[in-house]
Amino acid sequence: MFKVFCALSAVFVLWVITTLCSSFIYLTTWTLATQFLYFISEFHHNQKVAAFFQNLTWTPSIFIISYWPLSYIFHWNKEGYNVLPDLCQHCFNIVLIVIAVCMKPKLEYRFIGIPFVFSVAYLLFAVLYTAQGNSIYQTNFFRLDINILFDVAAVVVVGPLIHSIGVACTKLRKVKIDEDMESLPFIQKKKSYNIFEFLKKNKL
């Protein structure tokens, strides 16, 4: 069932990337790419690969929720605009990631460097791109002035905080899954059954 979910999610994210994303200069597009890689990585025989990509995509996926308050504060969207593309890029895809992480949690504190490197890479790209006289968003967040301090804070503070909260929440989920598994009769039977009981039962 989880594999089917991942397959459908991968198809949806790929559709969003190929039909709704206008450019790869946006953090949203970079994040969607990591989401797609994560969903297909769940089919890899080595689950360490899926763990790597889940830890990679979790932080930016949650971070891009900030699009909604930012678009409201800076009036990015005019009245009457089509909200569906934004929902596909900044809502539905995030919900899919949250569901996947809840179903198969693989977030760990020791992987906090993975999303950090991703965040630093995007920040460097954004600053260099902006330094050439361009602007990624309608509000230019990446100018080399006071704004850069907010960018650095987002990378150094907000990103690791999102990852840590995700790990803490999924650890509770992992404990619940383990407890549910141990409560199953066949698990209990398997744990309590040993070779001595087998010999006694069969009078050997």
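**Close-up 1. Helix 3 and helix 5 lie oblique to each other in this predicted model.** The oblique label follows because helix 3, spanning residues 47–63, and helix 5, spanning residues 84–103, pack at an angle of about 135°, and angles that are neither under 35 degrees, nor over 145, nor from 65 to 115 count as oblique. The axes of helix 3 and helix 5 are 10 Å apart, and the crossing of these two helices is left-handed.

**Close-up 2. The contact between helix 3 and helix 5, shown by residue.** From helix 3, the residues Gln 54, Thr 57, Trp 58, Ser 61 and Ile 62 meet Ile 94, Ile 97, Val 98, Ala 100 and Val 101 of helix 5. Sorted by class, this contact of helix 3 with helix 5 comprises seven nonpolar and three polar residues, with no charged residues.

**Close-up 3. The surroundings of Val 13 in helix 1.** Val 13 belongs to helix 1, which covers residues 2–19, and Val 13 counts as buried because its relative accessibility is 0%. When neighbours within four places in sequence are left aside, Val 13 is in contact with Leu 32, Gln 35, Phe 36 and Phe 39. The C-alpha atom of Val 13 is separated by 9.8 Å from that of Leu 37, a residue 24 residues apart from Val 13 along the chain.

**Close-up 4. The surroundings of Thr 28 in helix 2.** Thr 28 is placed in helix 2, which covers residues 27–41, and with a relative accessibility of 8% Thr 28 counts as buried. Apart from neighbours within four places in sequence, the residues in contact with Thr 28 are Ile 64, Gln 89, His 90 and Tyr 137.

Note on methods: Residues are numbered from 1 along each chain as its sequence is written. This is a predicted model: local features need pLDDT of at least 70, side-chain atom pairs count only at pLDDT 80 or more; totals for chains, interfaces and linings use all residues. Side-chain values use heavy atoms; hydrogens and water are left out. Axes are lines fitted to C-alpha atoms, for helices over the stretch in contact, and angles run from 0 to 180 degrees between N-to-C directions. Helices (H or I, at least four residues) and strands (E, at least two) are DSSP runs, numbered from the N terminus. A crossing is left-handed if the near helix is turned anticlockwise from the far one by less than a right angle, and right-handed if clockwise. Contact means heavy atoms within 4.5 Å. Ala, Val, Leu, Ile, Met, Phe, Trp, Tyr, Cys and Pro count as nonpolar, Asp, Glu, Lys and Arg as charged, and the others, Gly among them, as polar. Buried means under 20% relative accessible area, exposed over 50%, partly exposed in between (1.4 Å probe, protein chains only).
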